[in-house]
Amino acid sequence: MPSLAIASPQISPEEFLVNTALKDGKIFFQNSMQYPRGLLLQLKLARGIMFCPKLKVKSVVFAKTLKGKCLLLARDSRNSWSAPAFYMITQRHMDVLNLKETDHLIFFIMTQKALEGFLDKEFTFEKKKEISSTLIKNEGQFLSKDVDFLIVNLKDKSSKKDILSQLKISSDDSANKAYYGKNLNPIDILSSMRANNNQADSLRQFLTNILR
């Protein structure tokens, strides 16, 4: 009699991204002693967190292009985290890219000004001269309390600040529609908080617990 195999349920790319973000979040906070003293206390003031755990490099003629998938969650004044909004990240360079496929990035959005930049359809760091950022590297590093972004590369602490060079982040409308079943703009998800998908509850609860 043939055995009856139970097929494992298939998850969507968006669900996989949410699960990976939760995993990366746990790795970061479990190893927080490797980062500057006082960082966790500072992160309790974060207005949002973006996870970029899926990057892919493509070579075209003399240029290299890095593309990836990201998700962003925002926090309101009651310490409630929004559902995730999905984004695409791209970086193009004529010589050597400053990011690699193995990199896993986390952007801690520390100010309302920085968070509002993501409510638009597109965010380019080089065009936002008024927004400051710091790449977190080691426990002895001094961190300013006035910075707009704190950035962590989970896979490579030797990353240079110029990883942000030519980095563009844009709303992934097709992913948002696939995850929520309707057309939604970033402002609907992050500010109005009109979106919900129970699959992201574990990620939202984790952030609530760790950053309360």
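Which residues does F108 touch, not counting residues up to four places away in sequence? In this predicted model, the partners of F108 are F28, F29, L43, G48, I49, D148, F149, L150 and V152.

**The nonpolar core**

F108 belongs to strand β4, which spans residues 105–109. Its relative accessibility is 1%, so F108 counts as buried. The largest nonpolar core holds 61 residues, and within this core F28, F108 and F149 touch the most other members. In soluble globular proteins, nonpolar side chains tend to be buried together.

The surroundings of F28 can be described in the same manner. With residues up to four places away in sequence set aside, F28 touches Y35, L39, L43, I106, F108, V152 and L154. L43 is thus a partner of F28 and is also touched by F108. Along the chain, L43 and F108 are 65 residues apart, yet 7.4 Å separates their C-alpha atoms.

**F51 and the disulfide**

F51 is located in strand β1. Because its relative accessibility is 2%, F51 counts as buried. Its contacts, leaving aside neighbours within four places in sequence, are A21, D24, G25, K69, C70, L71, L73, L105, I106 and L203. The C-alpha atom of F51 lies 9.0 Å from that of L22, a residue 29 positions away along the chain.

One of the contacts of F51, C70, takes part in a disulfide with C52. The structure holds one disulfide. The sulfur atoms of C52 and C70 are 2.2 Å apart. The disulfide links distant parts of the chain, joining C52 in strand β1 (residues 48–60) to C70 in strand β2 (residues 63–74), 18 residues apart. The torsion about the S-S bond is about 110°, and the disulfide is therefore right-handed. Both cysteines, C52 and C70, are buried.

**Packing of helices α1 and α4**

Helix α1 comprises residues 13–30 and packs against α4 at an angle of about 90°, the two axes being 9 Å apart. The two helices, α1 and α4, are therefore roughly perpendicular. On the α1 side, the residues that meet α4 are E14, E15 and V18; on the α4 side they are A175, A178 and Y179.

**Residues with positive phi**

Two residues, N79 and M193, are set out below.

| Residue | Phi | Location | Relative accessibility |
|---|---|---|---|
| N79 | near 70° | loop between β2 and β3 (85–93) | 23% |
| M193 | about 55° | loop between α5 (186–190) and α6 (201–210) | 27% |

The phi of N79 is positive in a residue other than glycine. M193 likewise has a positive phi although it is not a glycine. At 23% relative accessibility, N79 counts as partly exposed. M193 is also partly exposed, given its relative accessible area of 27%.

**Confidence of the prediction**

The chain has a mean pLDDT of 82, and 79% of its residues reach 70 or more. Confidence is highest in helix α4 (residues 173–180), at a mean of 96, and lowest in strand β5 (residues 122–124), at 79. Helix α4, with this highest confidence, is the helix that packs with α1.

Notes. Residues are numbered from 1 along each chain as its sequence is written. This is a predicted model: local features need pLDDT of at least 70, side-chain atom pairs count only at pLDDT 80 or more; totals for chains, interfaces and linings use all residues. Side-chain values use heavy atoms; hydrogens and water are left out. A disulfide is a pair of cysteine sulfur atoms within 2.5 Å. Helices (H or I, at least four residues) and strands (E, at least two) are DSSP runs, numbered from the N terminus. Buried means under 20% relative accessible area, exposed over 50%, partly exposed in between (1.4 Å probe, protein chains only). pLDDT is the predictor's confidence in each residue, from 0 to 100. A nonpolar core is a set of buried Ala, Val, Leu, Ile, Met, Phe, Trp, Tyr and Cys residues joined through side-chain atoms within 4.5 Å. Contact means heavy atoms within 4.5 Å. Axes are lines fitted to C-alpha atoms, for helices over the stretch in contact, and angles run from 0 to 180 degrees between N-to-C directions. Angles under 35 degrees count as roughly parallel, over 145 as roughly antiparallel, 65 to 115 as roughly perpendicular and the rest as oblique.
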